[in-house]
Amino acid sequence: MTMPLQDTVKILWNEEQAPSYFKMGLAAPELARTATPGQFVMVRVRDSIDPMLRRPFSIHNLLKDGGNVRGFEILYKVVGKGTKILSELRAGEYLSVLGPLGNGFTCPKDLQNVFLVAGGIGIAPLYYLTSVLEFIARNRPFWCTLFFGGRAADDILCKEAFQILGVDIKLSTENGSLGYKGLVTSPLEKELASGERPDIIYACGPKPMLKEIYQIAASHDIPCQFSLEAVMACGFGACLGCAIKGTKKGSKYLHVCMEGPVFDPKLIEW
Ligand SMILES: Cc1cc2nc3c(=O)[nH]c(=O)nc-3n(C[C@H](O)[C@H](O)[C@H](O)COP(=O)(O)OP(=O)(O)OC[C@H]3O[C@@H](n4cnc5c(N)ncnc54)[C@H](O)[C@@H]3O)c2cc1C
Ligand code: FES
């Protein structure tokens, strides 16, 4: 694992994508060059004592200028004080960022058929993951299906960007305003029941969604990698605030920031 960098970086853009959802581009070539899909950064949303703690955000996309990496994007939802402050920042202002942090997704070289499952803002780390998987498989057959669910149509972001990567997208919304009406796990279950068998399921979203995906995947014996969320104070193993219960004897608690945020769900006490 490469050492995380702490840097003050320039905001390139901070644009609203849908009500409460923003995409921010950050000029951070050194940090971005070492970041792998699924890793995250801790952002100090302003240079003052309040809010004191940095906030964690997944690396959504790398920014490239020809062959050179010049930074990365985060995709975020405004849910409280920190993200509200973040949403009010403008291009040209500066932010303190620490990263890349965490373990990231494993991207085996021989994958042929991948399922991605996202719930709401859980889509954020899956775009960078997909672009890396597509790159690894660029000279051979590769199928990628994204099951993407939200409460309503406004929660469905980045659809065109995934389509450009050649991803087959199956949308669902709880209120039926876009795609299948219901939870994202229903189309997933249906696809697996039809005999479709991906090599792996990558997922990110609310814990109840992940728990259900794990149960569905286990009944078809399909390996999974899930990106988990936890409230984080430090992001590098110092505060123990992000501990979750593990199943393995001898490692009763796992730190989402260090051993995660990506886990094999078999290792987690659901
Ligand atoms: C590894 C990791 C990666 C993340 N990546 C992204 C991302 O790419 N985009 C994004 O929008 N969000 C992401 N999050 C969640 C994001 O960090 C929180 O939404 C953010 O810290 C909330 O800050 P706030 O000050 O606006 O809200 P607060 O005022 O701190 O809290 C407002 C509400 O949000 C809830 N909340 C706070 N922190 C979290 C959290 N970590 N997970 C779930 N709910 C939380 C609180 O319980 C409360 O209900 C990630 C979290 C982790 C741990
Ligand atoms: S966030 Fe502090 S130990 Fe994980």
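In the predicted model, ligand 1 sits in the largest pocket. The shell around the ligand comprises 19 residues, and the closest of these are R55, P56, G82, T83 and E229. By residue class, the shell divides into 11 nonpolar, four polar and four charged residues.

The shell was next examined by secondary structure and by domain. Three elements, β4 (55-58), β6 (68-77) and α2 (81-87), each supply at least two residues of the shell around ligand 1. Of the elements that contribute, β4 provides the largest share, with four residues. Two of the closest residues, R55 and P56, fall within the bounds of β4 (55-58), whereas G82 and T83, also among the closest, fall within those of α2 (81-87). At the level of domains, both domain 1 (5-101) and domain 3 (228-270) contribute to the surroundings of ligand 1, each with at least three residues of the shell. E229, another of the closest residues, lies within the bounds of domain 3 (228-270).

Polar contacts to ligand 1 involve both side-chain and backbone atoms of the protein. A nitrogen atom of the ligand is placed 2.6 Å from a polar side-chain atom of E229. A nitrogen atom of ligand 1 also lies 2.9 Å from a backbone N or O atom of L75, a residue within the bounds of β6 (68-77). For K81, a polar backbone atom is found 3.5 Å from an oxygen atom of ligand 1; this residue is at the start of α2 (81-87). Taken on its own, ligand 1 has 860 Å² of accessible area, of which the protein covers 73%.

Several features of backbone geometry were also identified in the model. The peptide bond that joins D50 to P51 is cis, with omega near 0 degrees, and P51 is located in the loop between β3 (40-44) and β4. A cis peptide bond is likewise present from G260 to P261, where omega is near 10 degrees; P261 belongs to the loop that links β15 (253-255) and β16 (262-263). Finally, S20 adopts a positive phi of about 75 degrees although this residue is not a glycine. The position of S20 is in the loop between β1 (5-18) and β2 (21-27).

Definitions and conventions: Residues numbered from 1 in each chain as written. Chains lettered and ligands numbered in written order. Predicted model: local features only at pLDDT ≥ 70, side-chain atom pairs only at ≥ 80, totals over all residues. Heavy atoms only, no water. Near = heavy atom within 4 Å. Polar contact = N/O pair within 3.5 Å; in protein donor to acceptor, adjacent residues only side chain to side chain. Areas by Shrake-Rupley, 256 points an atom, 1.4 Å probe, with all protein chains shown as cover. 1 Å grid on protein atoms, 1.4 Å probe; cavity = no way out; pocket = protein on both sides within 12 Å on 5 of 7 lines; lining within 4 Å. Sits in = over half its atoms within 2 Å of the grid points. Nonpolar A, V, L, I, M, F, W, Y, C, P; charged D, E, K, R; others polar. Domains from an automatic or database assignment.
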